[in-house]
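Reader: Hi! I have a model open and would like to walk through it with you. Could you bring it up so we are looking at the same thing?

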Amino acid sequence: TQGEFLGALFVLAGFAARSLVKGEAAAFAGAGFCFGLALLLKIDLAVAGLGLGVWQLVHRRFRAAAWLVAGVLPPVLLLGLVDKLTWGTWFQSVLGHGRANLVDGVGNQWGVAPWYQHVVYFFDLHGAPALLAACVLPWLWRRLPEALRAGWFTTAFFVAVFAAIPHKEKRFLAPLLYSGIALSCATLAIASTRVKARHARHAALAVLALVVAQGAANAVTYLVRRPWYDRIAAIVEAGKIPGIQKMLSPQWPAAFYYPRH
């Protein structure tokens, strides 16, 4: 989970580069480099940069897509080089990761979920503001700046890709956390200029009620129905035993993680 949350910072930087850096070439190369650093932390995060690239291709912005690729290329080559030095094969971690999860279905042994579960996870992670922003998107879509529309497309692309994978965990969507909050708040800021004051007050009360309901539901789920305290204590005690990695996960092949040496 540390990889997902740290990677989320670079995903946010990739989104923000387009608005903070002047010049198309520098902005998209910088965005690509940030997405490349994200995938160095967790290979799955390549989906975020891919989504932004698809958006550029759909709108025939081939120059922007080329600069995005140029930015992401150095971290990708670095990843391949590290694999070559540690595994003896270029991009072993990428190929092993894909084979283990997409072909062999190794992750499925921990459970699978229906496709819409990641949609539920997205709104649970981002809360009522994201839900409200999603509700106003159809009405507001054409009025949003292009960078915001690209951000929402990339977010939807990311969720859709992970929704197609049977094994699902909430942490898989954690890389979208900070960028999703930024997109939601920016969208609501634009929407607020077109809403009457009394309607805004009603919306604020509705959002407050949703936040309270969500907080209560999660408190029941994570503090009552799923008490992890015994499990955490067991991990702490087990960590004192020599050779614990092999003892805890004898069935898990190191197919795509870096070798210990």
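Author: Happy to. The secondary structure of the protein chain comes to 11 helices and zero strands. Keep in mind that this is a predicted model.

Reader: Thanks! In what order do the elements run from the N terminus on?

Author: The order is α-α-α-α-α-α-α-α-α-α-α.

Reader: And what does the C-alpha trace span along its principal axes?

Author: About 65 × 50 × 30 Å for the protein chain.

Reader: What share of the residues is buried?

Author: Buried residues account for 34% of the 261 residues in the protein chain. As for surface, the chain exposes about 15000 Å², and carbon and sulfur atoms supply 69% of that area.

Reader: Good to know. Among contacts between residues at least 6 apart in sequence, what percentage joins residues at least 24 apart?

Author: That figure is 75% for the protein chain.

Reader: Let's zoom in on the start of the chain. At what angle do α1 and α2 pack?

Author: Helix α1, residues 2-20, packs against helix α2, residues 24-41, at an angle of about 175°, and their axes are 8 Å apart. The angle makes α1 roughly antiparallel to α2, because anything over 145 degrees counts as such.

Reader: Nice. Which residues make that contact?

Author: On the α1 side they include Gly 3, Leu 6, Gly 7, Phe 10 and Val 11, and on the α2 side Ala 27, Phe 28, Gly 30, Ala 31 and Cys 34 are among them. Further along, Phe 15 and Arg 18 of α1 also take part, as do Phe 35 and Leu 41 of α2.

Reader: How do the residues of that contact divide by character?

Author: There are 14 nonpolar residues, four polar ones and one charged.

Reader: Switching to cysteines: how many disulfides does a search of the whole structure find?

Author: Zero. Take Cys 135, which is in no disulfide: the nearest cysteine sulfur belongs to Cys 185 and is 15 Å away. A disulfide needs the two sulfur atoms within 2.5 Å. Looking from the other end, Cys 185 is in no disulfide either, and its nearest cysteine sulfur is that of Cys 135.

Reader: Is Cys 135 buried or exposed?

Author: Cys 135 is exposed, with a relative accessible area of 55%. Cys 185, at 44%, is partly exposed.

Reader: On to the backbone. Which residue other than glycine has a positive phi in the loop between α3 and α4?

Author: That would be Arg 60, with phi near 60°. The loop it sits in runs between α3 (46-58) and α4 (62-87). In general, most residues other than glycine have a negative phi. The relative accessible area of Arg 60 is 65%, so Arg 60 is exposed.

Reader: What about Phe 91, where is that found?

Author: Phe 91 is in the loop between α4 and α5 (92-103). Its phi is also positive, near 60°. Phe 91 is partly exposed, at 27% relative accessible area.

Reader: Last one, I clicked on Val 212. Which helix does Val 212 lie in?

Author: Val 212 lies in α9, which covers residues 197-225. With 55% relative accessibility, Val 212 counts as exposed, the cut-off being over 50%.

Reader: And how far is the C-alpha atom of Val 212 from that of Ala 128?

Author: The two C-alpha atoms are separated by 9.7 Å, while Val 212 and Ala 128 are 84 residues apart along the chain.

Terms used:
Residues numbered from 1 in each chain as written. Predicted model: local features only at pLDDT ≥ 70, side-chain atom pairs only at ≥ 80, totals over all residues. Heavy atoms only, no water. Axes fitted to C-alpha atoms, helices over the stretch in contact; angles between N-to-C directions. Helix = DSSP H or I, 4+ residues; strand = E, 2+ residues; numbered from the N terminus. Parallel < 35°, antiparallel > 145°, perpendicular 65-115°, else oblique. Contact = heavy atoms within 4.5 Å. Nonpolar A, V, L, I, M, F, W, Y, C, P; charged D, E, K, R; others polar. Buried < 20%, exposed > 50% of the residue type's maximum accessible area, 1.4 Å probe, protein only. Areas by Shrake-Rupley, 256 points an atom, 1.4 Å probe, with all protein chains shown as cover.
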